[in-house]
Amino acid sequence: MIDTQAPVSGLSDYQFGFSDPEISVFKPEKGLNEKIIRTISAHKNEPEWMLEYRLRALRAFRRKPMPNWGAEIGDFDFDDVYYYIKPIDEGVANWEDLPEDILNTYDKLGLPEAERKFLAGMGAQYDSEVVYHSIKAGLEEQGVIFLPPEEAVARHPDLVRKYFGKVVPYNDNKFSALNSAAWSGGTFLYIPPNVKVEIPLQSYFRINSENLGQFERTLIIADKNSFVHYIEGCTAPIYTTDLLHSAVVEIIAEEGARVRYTTIQNWSGNVYNLVTQRALVKKNAAVEWVDGNIGSKRTMKYPAVYLTGEGAHGEILSIAFGGRGQEQDTGGKAVHKASNTSSVITSKSISKDGGIASYRGLVKVAEGLKNVKSHVICDALLLDETSITRTFPYMEIESEDVSMEHEALVSRISEDQLFYLMARGLSEEEASMMIVNGFLEPLVKQLPMEYAVELNRLIELEMEGSVG
Amino acid sequence: MNLTIKDLRAGLPDRQILKGVSLEIPDGEIHALMGPNGSGKSTLANVLAGYPQYEVTGGSAFLGDTDLLELEAHERARTGLFLAFQYPVEVPGITISKFLKRAVELRRGEEEIFNLSSYVKELGSAMDFMHIDRKFINRYLNEGFSGGEKKRMEILQMMMLKPDFAVLDETDSGLDIDALQVVSNGINKLRGRGFAGLVITHYQRILNYVKPDKVHVMVNGRIVLSGGSDVARELEAKGYDWVKETLLPDDDEAGGFGSDTSGAGAEKRSSASNHREAAS
């Protein structure tokens, strides 16, 4: 999908580390305070209830302690962050209407081409705002709503108010509070009953400005018996200073609906990626999270399924690559709140060059339920002696009639496997790559082809030079 | 292509296993290498293929004019050396299809191979010949295969890679008689000018199907006996103890026996005084 030959920073093999000259029409000072929240809200012409919501969230953020578990993020300075940078005055619906630098960036990232070839709609965020948004005409006619959330607040206030913050409350955790206070950009997606969107929709998040915090907000409502596949991608420039990305994603799958949400996270190695993703899965509905975390300096992300209706099914596929200086603390949560529900969590992680990849997961089954099934598999592959993998599987099972399976396996690339492949003519590097690809294959093959290719390519880039 | 091994010494850092092996296998011939457990047969196979844990401390090994010991394992394979593994490893997630296509590309040259359709045709008929269900093409490499399936898969790879020289390390072990026949057919199919091979085995059984031009016996890291196929029959009848008792050298530094013997019949040299056990 991406065929860029962008200039690559000398710092690493990361391909998307280039930056544009800073583009902004409005850039308040660094720091998080009531003034900046009011400013953001005013720039979006928000109704009073949303401003109130933001201010409540800000108070919660101040009150809540930093998590004392997970990735090492204690040294992050929340004051040294721009909480809002507005790149252009108005988002556009034609790529050509974007400023040249921004368009060039998206071209390098391959977005217009990807949209043309295999997407039903696309949103592109640049720093704090969605600058491009478009959906195929046919979908709009069927009643699909695909908008930047600010526009949804203005045009569909009842729908937004009904669902916004209902799956992930602002005070759920410190970072959901942060996002709820400072959110800007993201996606609002509504699929009417019985509408199946066969072609994926995608949002792409690009950070350009140094010291930016990006706080997009995504709300997906799949009404009864509908289907949608939504994809998000993300990249950022390499800076010597850190960037912050803290998103909240909420999904509501109404009765019989099916939602698949795929993330290919390829942030540069200076991004703190602290994201809350949660889905409410109602009767006979199904939600799948496919969560590929390749980039970032620190990631804490545990996509969750709350199975609240009978027959609900949730699935979380998590792929993490922890390279030099990286810590991926990822996994998933399955909360069973109804009988006859099932969940599968599959986690595959790779650690190399001293990187850390941890699986952290929770399976929770409420009291008095019947016929609940959950299956957790976590496999870790260590590529060298200095890298680290950890597993934190939590279980809170309060019903009797539960089938719970948990498998965990840590492996290393074995010398015998390498030799076998080399004895068939593959170089050591190619043989290692093939073994890593094979390790990920059961997950990657569930991605749409373009993204499978993309993910394999990203991992190949991460693997380059790792054999020696 | 001919393989010439001269006084090859190799082993693990703390233990010498090959103590001066010499072998000449001319182009077009298939030789058998027999010997008791722990005599160094598999070590020889792996040293030839370039297993990194073995250290070569002396001697030489040439495939035609190519000095194998100068090359890394993958370069030896591309040059035309093939090792059929005694224990083929499982590589999860890699389909036979993907793996084999890549290996063939590397062996034959990327521009050479495709014509994809003729490759697919060739692969299909090789699978049929080896009695491998074509559905196996989408299975992961050796994963969950039975012992016999793994061995047939090795021979299938050999047929597709068309090596100049193949070392078959106990390819017959664990095969029932039908599978043995299929595997032997695969080996025989490559037989002829431009191909030579070394069949490593414990038992004479496979040699009924793959008739060796010569049989060598290895004990304790040396070739102690070389001859025609009657050697294999004699071993089968008398057992390896007979070799150990009658043919073991009495001096570690004495070098191998009879590696350059020629003609029919076994050349037997006795050093009966030594009753040392073979290396374990």
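**Figure 1. Helix α1 of chain B lies across three strands.** In this predicted model, α1 covers residues 41–49 of chain B and lies across β1, β2 and β4 of chain B. Strand β4(B) takes in residues 55–63. Look along the helix and you will find it running at about 75 degrees to β2(B).

**Figure 2. Four strands of chain B make an open sheet.** Reading across the sheet, the order is β2-β1-β4-β5 (chain B), and the pairing is antiparallel. Which strands stand at the edges? They are β2 (15–25) and β5 (66–67) of chain B. Each of these has a single partner strand, so one side of each is left without a neighbour in the sheet.

**Figure 3. A closer look at the pairing of β1 and β2 in chain B.** Strand β1(B), residues 3–12, joins β2(B) in the antiparallel sense through eight bridges. If you would like a residue pair to start from, try L12(B), which stands opposite R15(B) in β2(B).

**Figure 4. A six-stranded open sheet in chain B has mixed pairing.** Here the strand order is β6-β9-β10-β3-β11-β12 (chain B). The edge positions belong to β6 (81–84) and β12 (222–227) of chain B; each has a single partner strand, so one side of each has no neighbour in the sheet. On average, neighbouring strands of this sheet are turned by 20 degrees against each other, direction ignored.

**Figure 5. Strands β11 and β12 of chain B, with helix α8 packed on the sheet.** Five bridges link β11(B), residues 214–219, to β12(B) in the antiparallel sense. Within this pairing, V217(B) has L225(B) in β12(B) as its bridge partner. Helix α8 (residues 229–238) of chain B packs on the sheet and touches β3 (30–34), β11 and β12 of chain B. The direction of α8(B) makes about 45 degrees with that of β11(B).

**Figure 6. Chain B meets chain A.** How many residues of chain B are in contact with chain A? There are 21, and they touch 20 residues of chain A. On the chain B side, α2 (73–79), β7 (91–95) and α3 (96–108) each supply at least two residues. That side of chain B divides into 14 nonpolar, four polar and three charged residues.

**Figure 7. Chain B as a whole, for orientation.** Stepping back from the close-ups, chain B has nine helices and 12 strands. Of its 280 residues, 44% are buried. Among contacts in chain B between residues at least 6 apart in sequence, 74% connect residues at least 24 apart.

How values were computed:
Residues are numbered from 1 along each chain as its sequence is written. Chains are lettered from A and ligands numbered from 1 in the order in which they are written. This is a predicted model: local features need pLDDT of at least 70, side-chain atom pairs count only at pLDDT 80 or more; totals for chains, interfaces and linings use all residues. Two strands pair if DSSP finds at least two bridges between them. Two residues are in contact if their C-beta atoms, placed from the backbone, lie within 7 Å. Axes are lines fitted to C-alpha atoms, for helices over the stretch in contact, and angles run from 0 to 180 degrees between N-to-C directions. A residue is buried if 20 or more other C-beta atoms lie within 10 Å of its own, exposed if 12 or fewer, and partly exposed in between; C-beta atoms are placed from the backbone. Ala, Val, Leu, Ile, Met, Phe, Trp, Tyr, Cys and Pro count as nonpolar, Asp, Glu, Lys and Arg as charged, and the others, Gly among them, as polar.
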